[in-house]
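Visitor: Please take me through one part of this structure in close detail. I would like to see how that part is built into its surroundings.

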Amino acid sequence: MILIPDDLRARLLANGAAETETDHHPVVKLFDPTGPATWLLSELDADGDTLFGLCDLGLGFPELGSVSLAELESVKGRLGLGIERDRYFKAEFGLCVYAEAARLSCHITEDERLLRQAAQALANSHSELPPDTAEPRR
């Protein structure tokens, strides 16, 4: 199986090339079929190898970061199986919501209740920020 087909690669590249910082929805979900590792990826650098997203190796500490596509393609786990793409994954939220839900549950989750709770918590934290009252520098 091709991990990232051309249509998804184009979306990842477009997200990676965006001029403004945006909370993109994950484009692809990759996983180890024989272990707990999971990746929700939203961007691909112009180098065609460096992916950005939520990475969870199954150790209880999912984190936002970069991963090499070449390395993911080279992984052979138990039974000689490689990393696979979840062909049915469809992101409903931005990557920050998945990251917050993963922080709360210690693993990447698609549990709708947890994702909605994370989205609400993020919305509340942004609405409680004080306005920027700093005077402009001269």
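Guide: What follows is a close look at strand 3 and the elements around it. The model is predicted.

Start with the strand itself. Strand 3 spans residues 50-56. Of its 7 residues, 5 are buried, so the strand is mostly covered by the cut-off of under 20% relative accessible area. For the chain, buried residues make up 38% of the 138 residues.

Now the neighbour that precedes strand 3 in numbering. Strand 2 covers residues 38-44. Strand 2 and strand 3 pair antiparallel, with 6 bridges between them. One place to look is leucine 44, whose bridge partner in strand 3 is leucine 51. The two strands form a hairpin with 5 residues between them. In this hairpin, glycine 48 has a positive phi near 75°.

Next, the other neighbour. Strand 4, residues 63-68, runs antiparallel to strand 3, and 6 bridges join the two. Here phenylalanine 52 has serine 66 of strand 4 as its bridge partner. Strand 3 and strand 4 also form a hairpin, with 6 residues between the strands. Glycine 58 takes a positive phi in that hairpin, near 85°.

Step back to the sheet. It is open, has 5 strands and follows the order 4-3-2-1-5, with antiparallel pairing. Strand 4 and strand 5 (84-85) stand at the edges; each has a single partner strand, so one side of each lacks a neighbour in the sheet. Towards the strand 5 edge, strand 1 (residues 28-31) pairs with strand 5 in the antiparallel sense over 2 bridges. Phenylalanine 31 stands opposite glutamate 84 in strand 5.

Helices come in contact with this sheet too. Helix 1, residues 6-16, packs on the sheet. Its contacts take in strand 3, along with strand 1, strand 2 and strand 5. The direction of helix 1 makes about 65° with that of strand 2. Helix 3, residues 95-105, lies across strand 2, strand 3 and strand 4. Helix 3 runs at about 30° to strand 3. Strand 3 thus has a place in the description of both helices.

Finally, the whole chain. It has 4 helices and 5 strands. Along the sequence they follow the pattern α-β-β-β-β-α-β-α-α. Among contacts between residues at least 6 apart in sequence, 49% join residues at least 24 apart. The accessible surface of the chain comes to about 8900 Å². Carbon and sulfur atoms account for 52% of that surface.

Definitions and conventions. Residues are numbered from 1 along each chain as its sequence is written. This is a predicted model: local features need pLDDT of at least 70, side-chain atom pairs count only at pLDDT 80 or more; totals for chains, interfaces and linings use all residues. Side-chain values use heavy atoms; hydrogens and water are left out. Buried means under 20% relative accessible area, exposed over 50%, partly exposed in between (1.4 Å probe, protein chains only). Two strands pair if DSSP finds at least two bridges between them. Contact means heavy atoms within 4.5 Å. Axes are lines fitted to C-alpha atoms, for helices over the stretch in contact, and angles run from 0 to 180 degrees between N-to-C directions. Accessible areas come from the Shrake-Rupley method with a 1.4 Å probe; for residues, only the protein chains shown count as cover.
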